[in-house]
Amino acid sequence: MSSKPHFRSDTQFVNQIIAAIIQNRPFDAQIASSTSSTPHLNHKLTVESVSEVLRSIPRIFFQSTRSIGRQKGTRHRTPLKQRNLREESTKARNGVLVLGPAAYRDPQKVKLGLNRALEFFNWVETRFGFVHNEITCREMACVLAKGNRFKVLWEFLKEMSRRGDSGLVTTSTVTCLIKCLGEEGLGSEALSAFYRMKQFRCRPDVYAYNTTIYALCRVGNFKKAKFLLEQMELPGFRCQPDTFTYTILISSYCKHSMQTGCKKAIRRRLWEANHLFRIMLFKGFVPDVVTYNCLIDGCCKTNRIGRAMELFDDMMKRGCVPNRITYNSFIRYYSVINEIDEAIQMLRRMAKLNHGLPTTSSYTPIIHALCEGGRVTEAWDFLVELVEGGSIPREYTYKLVLSKVESAGESALLDDELCRRIEGGIGNRYRHVMKVKQWNYWNLMASGGSDGVGDAYNNNGGGGAVANAICDSGVSVAHGSDSIGWDEKKEKTTLVICTQFIFAYLFMLLSES
């Protein structure tokens, strides 16, 4: 019975704090009195609420409007490059576009978010006597890492590690920090954090080594990653490598080999990947399906189909069951070289052996190859099979098949009900994407806790109602001298919101028509 009011008060506290951070208002006695007026405040000021405020700061201040609604996954993303923070700051001062993870960032907003995060971290401790633990310390460290404030980060971790034996800075804390730095394209800084673990009274484990190796591989620093692996392979070393350690290096070698136009570099990196695979088998490690998928995909994309089939047969002999990703690598290869019958055979084999459910990624290469080869009837049959399997093709694939069928004079094959079903699914996909982009922006403005924003937007005619909506839901907009430069930012924000709403409305009209 008491969990629901506790959740509401917790959300209200988070919203009030984030509103003060966005408006650049100090955490004065007014905010303290509004929160302390609620009974049992010390019980309600939980670790989850403080962590949620710290997690919201990178979403609000470190992201640009271009990154709203972006995909979270990194599977198809181009490998990062080691960032030069000094060069990025110079470009930002000179008005030059910065590429990479820091593209379109506002340095003033980043600076404001970092300062407010540190202020909030100290404020909850001094004003309410909140005792920080490993979770809040980890979130604060990740905020400083994402904001590229490394001098403050190292001093913060040293101070937290000196606080007795409370265990504020642990191995998992530094490992999470290394992972965050690797995602930001800061491999050298991640390696520096790994070597500083002894200063923070931490001992690295296998997971810390694997995370550091992956951070180095993401920026292409294979030399230092291989050095860490050789260090782990020393006789009697405390942290021996595991299957995941070799899989990281094998996957990175195969992925980075595709990003270079030099055939010699491609051969060298694929040789390194296969060499690590053989060492892995020699030492008694059992490769999993991820290891095989990385090698098979790399061999198929570099026209080494013989080696790919050897790996496929080997994984079947070892009892490692292939999945849809394994078969998709072969299907893409055979479709590209116009051996469509072989690709269809692999698709049927996957379904027959129950090694995975074919989806859009499995059918699309075959359909495109059939259209290019003039086998229009078969392309339409595969499109029908894809839809009957519960998937919706991409718009380009659907229009390609339609144009090929009509140009071949086979319009009798078209089914009106099936076409309406496909077009409806494509329209729903467009509407979902625009809905995610629109509501992600509201979540950035209202920190995910304001339910009145959307109603005010729809009822009052767009972006001009943002201030009233946030005020009604507990996140008030600053006025007067409490907000420094907020009026100008509010005008720009309103313009961006109105533009996004217009584009969303146009997409909805086009998809419905």
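**Close-up views of a predicted model**

**View 1. At 26% relative accessibility, E395 counts as partly exposed.** This is a predicted model, so please read each view as a prediction. E395 pairs with K399 in a salt bridge, and their closest N and O atoms are 2.9 Å apart. How far apart in helix α21 are E395 and K399? They sit four residues apart in this helix, which covers residues 395-407, so about one helical turn separates them. Elsewhere, E52, R55, R59 and E139 are joined into one network by salt bridges that share partners.

**View 2. R268 and E272 form a salt bridge.** Here the closest N and O atoms lie 3.0 Å apart. Both residues belong to helix α14, and because they are four residues apart there, the separation is about one helical turn. Are the two partners buried or partly exposed? R268 is partly exposed, with a relative accessible area of 49%. E272, at 10% relative accessibility, counts as buried, because buried means under 20%.

**View 3. K283 and E233 meet through their side chains in a salt bridge.** The N to O distance is 3.3 Å. Which parts of the chain does this pair link? K283 lies in the loop between α14 (263-282) and α15 (289-301), while E233 lies in the loop between α12 (222-232) and α13 (243-257). The two residues are 50 apart in sequence, and the pair links distant parts of the chain. K283 is partly exposed at a relative accessible area of 41%, and E233 also counts as partly exposed, at 25%. If you wonder about the chemistry, side chains of opposite charge can pair when their charged atoms come close. In total, the structure holds 21 salt bridges.

**View 4. T326 is found in helix α17.** This helix runs over residues 324-336. Is T326 buried or exposed? T326 has a relative accessible area of 1%, and it counts as buried because that value is under the 20% cut-off. The side chain of T326 makes a polar contact with the side chain of N293, at 2.3 Å. Leaving out residues up to four places away in sequence, T326 touches V289, N293, I296, F312 and M315. N293 therefore appears twice in this view: as a polar partner and in the list of residues that T326 touches.

**View 5. F156 belongs to the largest nonpolar core.** This core has 124 residues. Which of its members touch the most other members? They are F120, L153, F156, L157, L177, I250 and I366. Helix α6 (residues 107-128) supplies the largest share of this core, with nine residues. For a closer look at F156, set aside its neighbours within four places in sequence: F156 is then in contact with F121, C137, M140, A141 and L144.

**View 6. The whole chain has 25 helices and zero strands.** Stepping back from the close-ups, we can place them in the full chain of 513 residues, of which 46% are buried. What share of the contacts between residues at least 6 apart in sequence joins residues at least 24 apart? The share is 68%. The accessible surface of the chain comes to about 26900 Å². Carbon and sulfur atoms account for 53% of that surface.

Conventions:
Residues are numbered from 1 along each chain as its sequence is written. This is a predicted model: local features need pLDDT of at least 70, side-chain atom pairs count only at pLDDT 80 or more; totals for chains, interfaces and linings use all residues. Side-chain values use heavy atoms; hydrogens and water are left out. A nonpolar core is a set of buried Ala, Val, Leu, Ile, Met, Phe, Trp, Tyr and Cys residues joined through side-chain atoms within 4.5 Å. Buried means under 20% relative accessible area, exposed over 50%, partly exposed in between (1.4 Å probe, protein chains only). Contact means heavy atoms within 4.5 Å. Accessible areas come from the Shrake-Rupley method with a 1.4 Å probe; for residues, only the protein chains shown count as cover. A salt bridge is a side-chain nitrogen of Lys or Arg within 4 Å of a carboxyl oxygen of Asp or Glu. A polar contact is a pair of N or O atoms within 3.5 Å; within protein, one must be able to donate a hydrogen and the other to accept it, and residues adjacent in sequence count only if both atoms are side-chain atoms.
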